[in-house]
Structure formats: C-alpha cells, structure tokens
Amino acid sequence: MTEEKRFPKGFLWGAATSSHQVEGNMRNEWTEWEKASAEKRAKESREESWHDSWRGYGKKERNTAFSKEASDPNNYFSGAAADHYNRYEEDFDILQELHLNTYRFSIEWSRVEPEEGVFDQKAIDHYKTMVVSLRRRGIEPFVTIWHFWLPVWVAEKGGASSKDFPAWFARYAERMAREFGSEVTFYVTINEPDIYASLSYLLGFWPPEKKSVFGHFQALGNIKKAHKLAYPKMKATAPHAKIGITKQFMHFVVLQKTPWNLAARRFADWWWNTSLVHALEGYQDFIGFNYYQKKIIGKDTRDQSKIIHTDISWEYDPESIYDALLTARQYGLPIYITENGLADATDRLRGRFLVETLTSVYRAISEGAPVLGYIHWSLLDNFELDKGFWPRFGLVHMDYATQKRTIRDSARLYGRIAETNSLETPLS
Ligand code: BGC
C-alpha cells in the first residue's frame, strides 16, 4: 500500500511576516537605529566580521553573490519595504490563491501606541480591518503582538531593560485582545524572547546594541514577566484565545561523542530549548515553534564540500526539524510551526526544501508529535533585520522599485500541498 502522507484534518497551512519587515514607513526604535548605523553596516559588510560568522552570514558564497547590495547603505533602511500596510489586500489574495488557511503577521506597537498610554484608534482599526479581510477569505489570523520592534518612547525609557516593561507590554497586549474580541483566536505575545535578548542586549548586534551579561538576563527576565503578566489579562478579556510565545528551537548534534561534547549537548539543549518553555509553564496554550537549522557541538567532521548553503550561508537542513519536533513533544502542548524557511533569491532550493521539510514534519507527526500547523517564513521577500533587503526569504518575490509581487514556483508547489493537505503529488 502506498503511503498517502496526509496531514491531520484541519491542519493550518500558512505564511508569516512581521510589521517592520514588510509594512513600510515606520517610526520606531529600529528606524532610528537604521539612520544611525546604515553607513557603518554597509562598510562592515565588506569584511567578514565575527558578527557575520556567528550568525552564519559572512561566508564567501554571500560575499560574492550579494556584496554589491550589502555594501550599499540604502540596503539598511527599511523605508517603504513591501508597502504591506497599504497593499495587504493584494497579499491576502495571494494567500488565497496559494490555498493557505492561516496568516501570521504582527501588530506594530509604535503605530498603535505611539505615545505612552495614548492609543491610536485609527491604527487599531487598520489591523481590525486586516483581520476581517482575512476571515472573509477563510484565513485564520495568527497575530503576533510584539515582534522585536519597540516604539521610540519605550526605547527611550529603557526598552526591555526597564522594570516597567512588563506593565507597558501587558497594557498594550490586553488592549489588543479586547479590540479583536472573538475575531482572533491565536496570539503570539512575543516573538523569540531569547533571540531578541541575546542579539540586542548580550551580543549588541541589534538596537540598543548593549553587550552585557547582566543586561541580557535583566531584559530576558522582564520579557518573561511581560508575557506572564499579559497572559491572564488577555485570557480574562478573550477567554477563547490560544496564547503562546514563539521560540526558536535548535537541534544540537554531536559528531564526536566525547564525554565533554555529550555534556555540552545536554547543557545546550536545556539552556536553549527547555529552560524558557519551563519558565513559562502554565502560561502557554501551545508551543510556537520557529526552526531554521541544527547546530553542531564540538568539531564538525563532515565533508564540508557536501554541505549546501542558503544565500545567507545557513546550512540547507530540512531534516533536523524532525528531531527537534520529537524533542518538543515532551512539553505536552500542541505545536504550531510558526516560522521555518530559507534565504534563496533564485528559488533554486525552496521547493525541494519545502517538500523535504514537510516530509520530516510528517514523520514527526506519525511518531506522535502534536503538530497542528506549518507557517512558512515568509510570505514576501522582506527587510531581514540587521542585514537589510538582500536576503530573500519570500514565497513571493518582491521588486521593491515597483512593488510588484511575483509568486515563486516553490510557492505554487507549497500551495498544492496546502490544497490537498498532503504530500502525495507535490512534484507532479
Ligand atoms: C525572525 C524573523 C527573521 C527570520 C530569519 C526569525 O528569527 O523572527 O524576523 O526574519 O528569523 O532570520
């Protein structure tokens, strides 16, 4: 008997974006930082810095193929981005054309609460209209309340390191839950708290560019408190809501099984994957599972010439999501894959990546991982954080000069998988 590879009934198939990366015309902590640092970052992109190798951005493949874009200061201004704020209807039509039944997007805190305690009803209504528009198309909104970018007033008052941060965030999150009422079920309060705390407060790659171990723990502590404060308030106003954070999981692999490497793997797994989930126990209704690649602990003894790299030199790795999902099974909560994808400007790898990744996901589900949805990062090419526009993660290609959207072949393939809810005939 041939295996059908059919996903569970009601499986969510989606794509994700976040406000700063696609909306355009922002004024927040990041736009201020862009003004202050674009020239410097354009200059640095010509050198392979420690920063680049830590993030896996800096290897030769990228330097040759994308050096022109990366050394242009304009690359580092989010500017109009994909103008999604004005063109969301067109983008929702694309979701529909691709048979996707969920869309993960983020509310821009700086638009909704531009000054402390002062909410802009027009901006709130904009997001409410988006939700209605999704629902009209039968698409489930998966709403992120805060995805890395802070209003200028929050940043000026100390950002996530302020002791008031949890209260500011909880007030905003509760307001959003009240405004959306029964229209929104799925909320991600905070995207990747630990990535944010590490890159903004420990390694200093993102604003406010702090490099402090103490500062990092302080920020992470406040972010956890922010979620824990917001969760019951949101539940009180929207009891039907399913609320969680998103967490970037990693699968740690040891190739040389020395006692030291094995102990390091156990520690890394606890430190990176488990500790945050445990800290939020009782305050999450699902695991928001973001996944990009595995990490090798100890010496990487593989034949490096056989490793395929994506445009930002992250390893092409569609298999290890299986192991990571089996590990996440232990938390006893439903799992939504809330991000997974790759930078692939020419779309040479994305189709194959989707099929292979979803085969791994299917395998994990067959072995008891309670995965209820897969949301690809990203719907559109977008402004990739500190790297700017050159890395292209989109199912849809963006021509930024004309704002023309072009659906990539890989997206059509993904659309067929979503439409049939199975991997049966994806390559025919
Ligand atoms: C973030 C996205 C980002 C993606 C690719 C995730 O950690 O949530 O904002 O674009 O990774 O780097």
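Let us begin with A123, which is found in helix α7, residues 121-136. Helices here are DSSP runs of H or I with at least four residues, strands are DSSP runs of E with at least two, and both are numbered from the N terminus. A123 is buried, with a relative accessible area of 5%. By buried I mean under 20% relative accessible area; exposed means over 50%, and partly exposed lies in between, with a 1.4 Å probe and protein chains only. A123 and W109 stand 14 residues apart in sequence, and their C-alpha atoms are 9.7 Å apart in space.

Before going further, a word on the basis of these values. This is a predicted model, in which local features need pLDDT of at least 70, side-chain atom pairs count only at pLDDT 80 or more, and totals for chains, interfaces and linings use all residues. Residues are numbered from 1 along each chain as its sequence is written, and side-chain values use heavy atoms, with hydrogens and water left out.

I turn now to the ligand. Where does the ligand sit? The ligand occupies the largest cavity. A cavity, on a 1 Å grid over the protein atoms alone, is a set of points where a 1.4 Å probe fits but cannot get out. A molecule sits in a cavity if more than half of its atoms lie within 2 Å of its grid points.

The ligand is surrounded by 13 residues, and the closest are Q21, N191, E192, E339 and E384. A residue is counted as near a molecule if one of its heavy atoms lies within 4 Å of it. By class, this shell divides into six nonpolar, four polar and three charged residues. In this scheme Ala, Val, Leu, Ile, Met, Phe, Trp, Tyr, Cys and Pro count as nonpolar, Asp, Glu, Lys and Arg as charged, and the others, Gly among them, as polar.

Which side chains place a polar atom beside a ligand oxygen? For Q21, a polar side-chain atom lies 2.8 Å from an oxygen atom of the ligand. E339 likewise has a polar side-chain atom 2.8 Å from a ligand oxygen. For E384, an N or O atom of the side chain is 2.6 Å from an oxygen atom of the ligand. Taken alone, the ligand exposes 310 Å², and the protein buries 98% of that. Such areas come from the Shrake-Rupley method with a 1.4 Å probe, and for residues only the protein chains shown count as cover.Q21 also makes a contact within the protein. The side chains of S18 and Q21 are joined by a polar contact of 2.8 Å. A polar contact is a pair of N or O atoms within 3.5 Å; within protein, one must be able to donate a hydrogen and the other to accept it, and residues adjacent in sequence count only if both atoms are side-chain atoms. S18 lies in the loop between β1 and α1 (19-22), and S18 is buried at a relative accessible area of 1%. Strand β1 itself, residues 12-16, contains W13. W13 counts as buried, at 1% relative accessibility. W13 and Q284 are 271 residues apart along the chain, with their C-alpha atoms separated by 21 Å.

A second serine contact involves S78, whose side chain is joined to that of E34 by a polar contact of 2.9 Å. S78 is placed in the loop between α4 (60-70) and α5 (84-97). Is S78 buried or exposed? S78 is buried, at a relative accessible area of 3%.

Next, the backbone. Most residues other than glycine have a negative phi, and most peptide bonds are trans. P207 and P208 are joined by a cis peptide bond, with omega about 5°; P208 is in the loop between α10 (193-202) and α11 (213-237). The bond from W377 to S378 is also cis, with omega near 20°, and S378 belongs to the loop between β10 (371-377) and β11 (396-399).

Which residues have a positive phi? F148 has a phi near 75° and is not a glycine; F148 lies in the loop between β3 (140-146) and α8 (152-156) and counts as buried at 3% relative accessibility. Q403, again not a glycine, has a positive phi of about 65°. Q403 is in the loop between β11 and β12 (404-407), and counts as buried at 9% relative accessibility.

I close with K295, in strand β8, residues 295-297. K295 counts as partly exposed, at 32% relative accessibility. K295 and V253 are 42 residues apart along the chain, and their C-alpha atoms are separated by 6.1 Å.

Conventions. 1 Å grid on protein atoms, 1.4 Å probe; cavity = no way out; pocket = protein on both sides within 12 Å on 5 of 7 lines; lining within 4 Å.
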